[in-house]
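Work through the exercises below with the sequence and model at hand. Try each task before reading its solution.

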Amino acid sequence: MLIKSQIYEAQITDYTAEGQGVAHIEGCAVFIPNAIAGERVRVRIEKAQKTWAAGKIVEILEKSPHRRNRECPVAKLCGGCDFWHMDYEEETRLKAQRVKDCLNRLGGENLEEIPILAAPTCLGYRNKAQYPVAQKKGRAYAGFFRAGTHTVVENPRCRILPEQTDAVKDIVIDYVNQFRIPVYDEVAHTGLLRHIYVRRGVVSGQILVCLVINGQTLPKWEELVKNLKQVPGFTTLVLSENTRKGNAILGDTFHTLYGPGYIEDTLCGLTFRLSPRSFYQVNHHQAQRLYQAAIDLAKISKTDTVLDLYCGVGTITLAMAAAAGQVIGVEVIPQAVEDAKANAQRNGIENAQFFCGDAGQAALKLEQDGVRPDVVVVDPPRKGLNADTIEALSRMSPKRIVYVSCDPATLARDVALLKARGYTLQTALAADLFPRCAHVESIVLLC
Ligand code: SAH
């Protein structure tokens, strides 16, 4: 076992799923933030267990050619991003490798390399931000949590957000300070304003502001609206009531104070209505490329039935509708299903149906009703597919399954389960929708 507080020399050989460097010292895996594969470092052990340890770099003995000065002044503190200390080439290399390693180790594949759709820019790409609000010496501020804590790190200008989003945040904070709006204290469960949620349509320029409050009403909100109108594109102000303790950001109840309560955006040539509760990929450009890859892999023909499980506001479903005979989307969040139905209508798409429910249960029901899709698209949250969904897929036996994933580990687990039911992996591709952050998307085709 390594000794806490002692300094060791180590060679960084790999990365964790969270993007930390990995070294092996005396047979023990050591996780080291801000380390780059290929570097030799002196590391101080902060936490020591039998098989693993966590450490901090005290000196870099051999620097990677991929090491860069951080472009973001708060990168070391803020838990929002993971990779400002390296160039983008290394970031995309490690992301593609992570997807490949998962598919090989957990999915039983033997892939040599997989391609990655790299992003054209790392800056200003996020169309959504959820800033926690905090208070210091009677002054409110907003930022992002420090990694592994609930300490809010202030960042006047976040590099991965567009400037309009930060401008909205600043206006809300000025309003909070001016009118002494009580800031939420999660330990005492007192105060009002918890989070500032901003979503901006990249094509439409429309901005939705949703304030999450521990209460029912927001004092002087008309004054806030007056000020928000200074930001070009400001469209709507919504309150989300979250009076529960815990980490969930949004509450279940929404009240629209100003505007329609949603914004619109254009994606893959279609327009989408987006409510605050609905999922929408945060990187518009890369989402279009990911969905185009899904369309290409699905090879849909005019008589095909396409089932899109975990469909959100119907982005992939509707982008596939023109090529298909009929498309069916399933989604668990009622607001998103309402958006999806409205989106079919606003785009004049008549061969789409949407159902609200759990993907697995809805798919089993559709199977019992005799639905036999030619193509099934699945795009689940990080936990991947549940047993019902795997069972339904196996019973429906579609010709092609296109699996879009935001967690390569659960993707690989599900690929192995689908292989056990007769499918084989045809194509695998990684896609970078979150430059500077450790998350990676991937997409595979199973036939
Ligand atoms: N394909 C969509 C949404 C993907 S995100 C897009 O790209 O825009 C995953 C979606 O699955 C979210 O909308 C989430 O609300 C939904 N979801 C989560 N659990 C679900 C379940 N058990 N059944 C159906 N949908 C679920």
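**Exercise 1.** Which atom of the ligand does a polar side-chain atom of Asp379 lie 2.9 Å from?

Solution. The partner is a nitrogen atom of the ligand. A polar contact is a pair of N or O atoms within 3.5 Å; within protein, one must be able to donate a hydrogen and the other to accept it, and residues adjacent in sequence count only if both atoms are side-chain atoms. Next, take the oxygen side. Tyr291 places a polar side-chain atom 2.4 Å from a ligand oxygen. Glu331 has a side-chain N or O atom 2.7 Å from an oxygen atom of the ligand. Finally, look at cover: on its own the ligand has 570 Å² of accessible area (Shrake-Rupley method, 1.4 Å probe), and the protein covers 88% of that.

This is a predicted model: local features need pLDDT of at least 70, side-chain atom pairs count only at pLDDT 80 or more, and totals for chains, interfaces and linings use all residues. Residues are numbered from 1 along each chain as its sequence is written, and side-chain values use heavy atoms, leaving out hydrogens and water.

**Exercise 2.** Locate Gly38 and list its contacts.

Solution. Start with the chain: Gly38 sits in the loop between strand 3 (28–32) and strand 4 (40–48). Strands here are DSSP runs (E, at least two residues), numbered from the N terminus. Then check contacts (heavy atoms within 4.5 Å). Neighbours within four places in sequence aside, Gly38 touches Gln11 and Ile12. Last, compare with Leu224: Gly38 and Leu224 are 186 residues apart in sequence and 51 Å apart in space, C-alpha to C-alpha.

Conventions: Helix = DSSP H or I, 4+ residues; strand = E, 2+ residues; numbered from the N terminus.
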